Amino acid sequence: MQRARGWDEVRIGDEVIARKVQRVLAGAGVDGGRPLGAVINDSLYHERRRLLHAPDDERSRSDGAFHARVRRELPHATSERQRELVREIVERYVGEITGHFDPRVYRFATSVLPYGLSGLMQGFSPTALLNELRGASRLDDYLLLEGEVEALQELVTRGTVVLAPTHSSNLDSLLIGYAIFRMGLPPFVYGAGLNLFTNPITSFFMHNLGAYTVDRSKTDPLYRETLKEYATVTMEAGQHNLFFPGGTRSRSGEIEARVKLGLLGAGLAAYRNNLLRGKDVRERVFVVPCTISYPLVLEAASLVRSFLQETGKSAYIVVDDEFSRVHRWVDFLRGLAELDLRVHVRIGRALDPFGDAVDAQGVSRDPRGRPIDPRRYLFRDGRVVEDPARDVEYTRALGRRVVESWRRDSVALPTSVLAFALLEVLRRDLDQPDLFRMLRSISVDTGVAAVLVEAEVEKLLAELQALERAGSIQLSEGLRTTDGRDVVARGLRGLGIYHTTPVVERRGGQLVVLDADLLFFYRNRLEGYGLLGAPRLYPAGAAR
Amino acid sequence: MIAVLGAGNWGTTLSDLIASNGHAVRLWTRAPEQRDEINARHTNERAVPGLRIADGVTATSDLGEAARGAEMVLVVIPSQGFREVSSALGEVLSPEQVVLHATKGLERETNARMTEILLAETCARQIGVLSGPNLAAEIARKKPAGTVIASRFPHVIEMGRRALSCPRMMVFAGDDVTGVELAGALKNVVAIAAGAATQMDLGENGKSLLVTRGLAEITRLAVAMGAAPLTLAGLAGIGDLMVTCASPLSRNHRVGVALAKGERLPAILANLGMVAEGVYAALAARDLARAHRVEAPLLDGVYRVLYEGLGCEEGLRELMTLPAGRDVARFQSTS
């Protein structure tokens, strides 16, 4: 299929700049829109606030100098000059967003990556890896690729795909990048966080992965709109996209219960724009949810710490964590390998931009399975019209479907099962309604008889198996048993190996918790399923 | 062209109103004799005695003929038949069509709201609810009234306004679909209590106490289910409650009166000859209050009078001897 013909990166960037600038200029001062000067001022204000907390590096200094110049000019700028300044700001943003992107190296990078990660295991530096390509063990050893793989392989030939995974770790982008390669799919465009580019380990890979840059610390509305426009234009050009609709990594450990509608709506915008332009009606957009289930999470410790510290403030972004330290990676991957633990990447059923189920042939289905023509959701008086208020609601519905799909396709693993059952036993014993006090009161002295936990695990297994039969969750192979002892043993091995101190340990007939916060983190993966009649331990949608 | 599904008294009255505003209306009814009466004589005597239905209304008993190509479909079907009709509607509906419903009830067994049923059974997305203090008999006699349309889609509200708004009908807008639907359904349970209070001659003080506490209960419950608290203070909440609790015309009110006379439910329903939504809503209210851990002694009392043989006097005594807590709940900001 001929895709993306004539849309090289330069043209996409130019198109984004032209549209964004045109929209700002058209909107300024009319219909209650702010005057151009106010738009620029607003941008400067947001950027200034961001730079207060930004690291003092070359990038920040260059941004600072640019803002200083704009600020000096603004009071004397003619309206003609103001237009130029808007253009300069948008151009700068687009430059940063597209800065690292080079689709030509995609294929090369994907063939290096699998060896690269395994190389890390042996403690090599990224550059040294290149010399060690042959003979290294494969990433496949860590990864189980499941679900609607064949449907996805078909859909990439029938339209533009947005892959929408859950987000628990910075490893996600690398694993998904590799999974895309393994499935034999064409390149996907990534919206990768800036930290992946500045991180010494991943930057090497990210620069080669067809990734554009997302800087989540930028609050300037002009930046966010430009970013969305960029994703939209790439999709209009037929480039498949990957982004994490949940935004940042889950800090509680729970599967994301909410998604950010901004980027998710780009798929609908692209679909609509193509229809409005009278492009081929077969130019479809498919959203494919996907789950990544880790037996252990590389950054669990700093994620949960920041969750507990900052519950209620969602703007907190973890920067300094295990992710930037090579030896943590080595420990992590070695841990997975030693215990033969696998990360499950599970491809969900595809949706259209309105949240309708899509079959393997790309046909949208209504809730009762009847085929429908999704273009008609955009019709008024027989033709496609633009209506932002309507489209936001469609995107909201899509977001709900994505979240439901994540819950259904999440794979429960022994580490979470043990953590959930054990914390539930402790919670009942301690009878402390305040979460933070409860976690603090768990110490090495609060041992629990292993037999109690095993019985609780067996109850939990029965409930999980019923949920799996109802299609509400997935279980890893090892959980299709009634043997609580075995699951506890495997959970203990997992929770004992990677973290600085073991999360739980068996001492005689007792299970002893050494890190209650991490126990809480792994337990939360099973939050929201109503298991064991346990209450929610923190408000739904609390800072993630 | 606007389709109205259901030729009961509210469906027929709404069809007349919409056609009076100059729109063509296709009114769907299952009963062929009702269809023929409407088309031949422009009356629907069983549903709305004395109404001369506007000329723009054409009746049909073919759902596809009614709904296909309609700019807006207005569903006015009792809650217990709502899913069946929705599922048939799903066979003929196209994604661009707007669907509005005017049913004040919850489905038995599932406790589903009507928009939830529409979303589950059809491809419709641009949907909304019409609710408020609207006694069909008064509107059929061209008396002034106000109503609210709640939808997340401005276009749906716009369409609804175009169809309904006129000098005798003010149409207000809202986006709290859950709140408006729950207000409309749950207030019927309070209306039953108010009917009983009237019959028991409690006096205006006692009646006001009952209705206000009833409002507090349905507000708590609705908010627990995601409604905005102030929705219950609007036309669909207090507005509708005032009408149903004051007017002997209201069916639910009549059920309450009969209960206080000591009549049994099956006999009451047989005499009424129409659906009283509150009778089902009382079941849903009890389930939902339990599920959401909301205290609702008055709603629970109505349930027990209806289904467990509790006497009205006994029920009242129980309510009056409960410890009195806060008058008005403190709601957290929902934003």
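Start with the largest nonpolar core of this predicted model. This core has 212 residues, and F520(A) and V73(B) are the ones with the most contacts inside it. Next, select helix α17 of chain A, residues 414-430, which gives the core its largest share, 9 residues. As background, nonpolar side chains in soluble globular proteins tend to be buried together.

**Around F520(A)**

Centre the view on F520(A) and show its surroundings, leaving out neighbours within four places in sequence. The residues in contact with F520(A) are then S252(A), V304(A), F307(A), L308(A), L423(A), L435(A), L439(A), L537(A) and Y538(A). For a second core, separate from the largest one, select V190(B), A285(B), V294(B) and L298(B), which are among its 53 residues.

**Y538(A) and N524(A)**

Return to chain A and pick Y538(A), in the segment after α21. Is Y538(A) buried or exposed? Its relative accessibility is 5%, under the 20% cut-off, so Y538(A) counts as buried. Beyond four places in sequence, Y538(A) touches S252(A), E254(A), F307(A), L435(A), F520(A), N524(A) and E527(A). Now display the side chains of Y538(A) and E254(A): they make a polar contact of 2.5 Å. For a distance check, draw a line between the C-alpha atoms of Y538(A) and D359(A); they are 37 Å apart in space and 179 residues apart in sequence.

From Y538(A), move to N524(A), one of the residues that Y538(A) touches. N524(A) is also found in the segment after α21, a helix spanning 516-523 of chain A. N524(A) counts as buried because its relative accessibility is 0%. Apart from residues up to four places away in sequence, N524(A) touches S252(A), G253(A), E254(A) and Y538(A). S252(A) is worth keeping selected here: S252(A) is in contact with F520(A), is touched by Y538(A) and is touched by N524(A).

**Where chain B meets chain A**

Now show both chains and select the residues in contact across the boundary: 18 of chain B and 20 of chain A. The two chains bury about 1,600 Å² between them, with 48% of that on carbon and sulfur atoms. Within chain B, highlight P95(B), E96(B) and R125(B), which lose the most area to chain A and together account for 36% of what that side buries.

How many salt bridges are there between chain B and chain A? The count is 5. To see a salt bridge between the chains, select E393(A) and R152(B), whose side chains meet at 3.2 Å, N to O. There are also 11 residue pairs in polar contact between chain B and chain A, counting pairs with both residues at pLDDT 80 or more. Colour α4 (79-90), α5 (114-121) and α7 (154-164) of chain B next; each supplies at least two residues of the side that touches chain A. By residue class, that side of chain B divides into 6 nonpolar, 6 polar and 6 charged residues.

**Last stop: E318(B)**

Finish at E318(B), in helix α15 of chain B, residues 312-320. At 31% relative accessibility, E318(B) counts as partly exposed. Which residues are in contact with E318(B), leaving aside neighbours within four places in sequence? They are R304(B) and L310(B). Show the side chains of E318(B) and R304(B) to find the 2.8 Å polar contact that joins them. A final C-alpha to C-alpha line from E318(B) to N44(B) spans 44 Å, for a sequence separation of 274 residues.

Note on methods: Residues numbered from 1 in each chain as written. Chains lettered and ligands numbered in written order. Predicted model: local features only at pLDDT ≥ 70, side-chain atom pairs only at ≥ 80, totals over all residues. Heavy atoms only, no water. Core = buried A, V, L, I, M, F, W, Y, C linked by side-chain atoms within 4.5 Å. Buried < 20%, exposed > 50% of the residue type's maximum accessible area, 1.4 Å probe, protein only. Helix = DSSP H or I, 4+ residues; strand = E, 2+ residues; numbered from the N terminus. Contact = heavy atoms within 4.5 Å. Buried area = accessible area lost by both parts, 1.4 Å probe. Salt bridge = Lys/Arg side-chain N within 4 Å of Asp/Glu carboxyl O. Polar contact = N/O pair within 3.5 Å; in protein donor to acceptor, adjacent residues only side chain to side chain. Nonpolar A, V, L, I, M, F, W, Y, C, P; charged D, E, K, R; others polar.
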